[in-house]
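Visitor: Got a minute to walk me through this one?
Guide: Sure, let me pull it up.

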Amino acid sequence: MNQHWNIIEQYASVLKQVHLKELFIEDASRVHAFSHTLPFAFVDYSRQRVNAQLLEELYVFAKEIGIKEQFVSMMQGAKFNSTEQRSVLHTALRAPHDADIHVDGKNIIPDIHRVLHSIRQFSEGIRDGSLCGYTGKAFTDIVNIGIGGSDLGPNMVCNALRFYAKRDISMHFVSNVDPTHLAETLRMCSPETTLFIISSKTFTTEETMANAHAAKAWFMNNGGSSWELHSCAVSANITNTSAFGIAEDRVFGFWDWVGGRYSVWSAIGLSIAISIGYEQFEQFLAGAHEMDMHMANEDIEHSIPIVLGLIDVLNVMCYDIHSHVIIPYDEYLRMFPAFLQQMIMESNGKSVSKDGHELAHHTSPIIWGQPGTDAQHSFFQLLHQGTEHVNTEFIVCAQSLNPNGDMHERLLANCAAQSAALMHGKTQNEVLQDLSTTTLSDTEKRALIPHKLFSGNRPSTTIVLKELTPFTLGWLMALYEHRTFVQGIVWEICSFDQWGVELGKSMASALLPAVKDPECIPDNQDCSTELLISTLHMFRNA
């Protein structure tokens, strides 16, 4: 770590002893210094354990390690995926048509916009019915088959932007190789009116291809014909897509400088364009580009992703907070925590530096979450009174897309109350005052006091969107992308590979013959694996 980090640790060690409430007592208008307001969003980190001096030291540190310069370098095509020697250019996918970004000497923007033009034509054809199935009927069901970034991103976005969707087209997403996932999805579909989008860069991804072959078999075995009318692909492997019966003009390409968890902005977002329309898809890209420009151009102290990313690191490294919960107070954002789990933990769940040395510090916290107010009746007990230290992040929209009486106001009140309660807690005097209005005896009151105490002093951040739109969702997602980038730079890791995904997959391929045939169990397996496979065969054949 940069030597300046020692100064930050010293400041943080002092601040760690201060209750968050005291920071507000010292400065009653603290929120104005520790928040950012935009026309469409508000970000409040005043309930994080920072003060002006500590933030200033973090800004000095960020300048010394060149966070902004490294981000701009990444945007311009530097090979930031150092272990695979690849550029990292998801930002280019939402750049305007007149941008100039080079990879290996070639401007990639014209290719990006050629694919976007193809997405526009195809999605509009599906939506207006000019592209239809073998009986001439318009498509009513779109089944996206993919896994990881080829599923989580478009799945989450289609759900988040359902308000803007064409309601006579249903979007389905199949990722799990468990046959139940595909079977239950296809029970809702008819071969006549179903379009399959098969998303795999290599068109060899095991789970995706297993589901793709099963889907094609279902289509053909249930009276379907002209498979080429009912299929398209998002892939870079034309040979394999052609062999699968997909017409070349229905293959939407993308590039090796697009990482899976950052690919929703590419042709992987085809399902989004079909669902909400291409013009709204453009707004989605525009929101992300707005954040890209903010990250590239704003001074560090005014850069929302840099400030939040530095605070994320501070919580992990100085305050021993290794759990980060995301609570969207919006039903449309129900899948957002799952999406962020992949983005952040697959990016920064690393234990070695870029140059291959084992790290002596922690990296990514555990990312998890659930929508409020459901979460309040689930795990908030732990957040308020548990022994685990958790950093809580609230996301809420000021305006509801579906107003109904005072229901949205109730939602907003819950969000505001929870963040305040996590900070303030409840003292013994406050508990005694509450109990004074009851008919309990003094003995019963004393017995209850410990159980009704809340220590407070639990950090949180609140992000408010004026309204959930394609633009603000794109902006929000890019905010988390760039926070993840900041974390990786500080931790000196490669945030853009995912070698940890590979080991289990390769071992699964090696064990598949044994799962099919008990005589094929390899000799070099540990006794637990051998017994597991034997037991599976026993139960399956009983």
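Guide: What follows goes from the whole chain to a few single residues.

Visitor: What should I know before reading anything off it?
Guide: This is a predicted model, where local features need pLDDT of at least 70 and side-chain atom pairs count only at pLDDT 80 or more, while totals for chains, interfaces and linings use all residues. Residues are numbered from 1 along each chain as its sequence is written, and side-chain values use heavy atoms, leaving out hydrogens and water.

Visitor: OK. How many helices and strands?
Guide: The chain has 21 helices and 13 strands. These are DSSP runs numbered from the N terminus, with helices being H or I of at least four residues and strands E of at least two.

Visitor: How does the radius of gyration sit with a compact globule?
Guide: It agrees: 542 residues would give a radius near 24 Å for a compact globule, and the chain has 26 Å. That is taken over C-alpha atoms, and the globule rule is 2.2 Å times the number of residues to the power 0.38. The C-alpha atoms fill a box of roughly 75 × 60 × 60 Å along the principal axes.

Visitor: And what share of the residues is buried?
Guide: Buried residues make up 51% of the 542. Buried means under 20% relative accessible area, exposed over 50%, and partly exposed in between (1.4 Å probe, protein chains only).

Visitor: Which contacts count as far apart in sequence here?
Guide: Among contacts with a separation of 6 or more, 74% are between residues 24 or more positions apart. A contact means heavy atoms within 4.5 Å.

Visitor: Switching to helices. Is α19 covered or open?
Guide: Mostly covered, with 22 of its 22 residues buried. For residues 470-491, the expected span is 32 Å at 1.5 Å a residue, and the end C-alpha atoms of α19 are 32 Å apart, so the two agree. The expected span is 1.5 Å times one less than the number of residues.

Visitor: What comes right after α19?
Guide: Glutamate 492, with a positive phi near 60°.

Visitor: How about α16, which residues are buried there?
Guide: His408, Leu411, Cys415, Gln418, Ser419, Ala420, Leu422 and Met423. Their cover includes α2 (20-26), β10 (323-329), α15 (380-385), β12 (391-397) and β13 (460-465). Just after α16, glycine 425 has a positive phi of about 70°.

Visitor: Now aspartate 312. Buried or exposed?
Guide: Aspartate 312 counts as buried because its relative accessibility is 8%. It is found in helix α13 (residues 304-317).

Visitor: What does aspartate 312 touch?
Guide: Leaving out residues up to four places away in sequence, aspartate 312 touches His324, Asn391, Arg483 and Gln487.

Visitor: Any odd backbone spots?
Guide: Some background: most residues other than glycine have a negative phi, and most peptide bonds are trans. Here, the peptide bond from glycine 372 to threonine 373 is cis, with omega near 10°. Threonine 373 lies in the loop between β11 (366-369) and α15.

Visitor: Where's serine 226?
Guide: Serine 226 is in the loop between α9 (206-221) and β8 (231-234). Its phi is positive, near 55°, and serine 226 is partly exposed, with a relative accessible area of 29%.

Visitor: And aspartate 320, what's its phi?
Guide: Near 55°, a positive value in a residue other than glycine. Aspartate 320 sits in the loop between α13 and β10, and counts as partly exposed at 43% relative accessibility.
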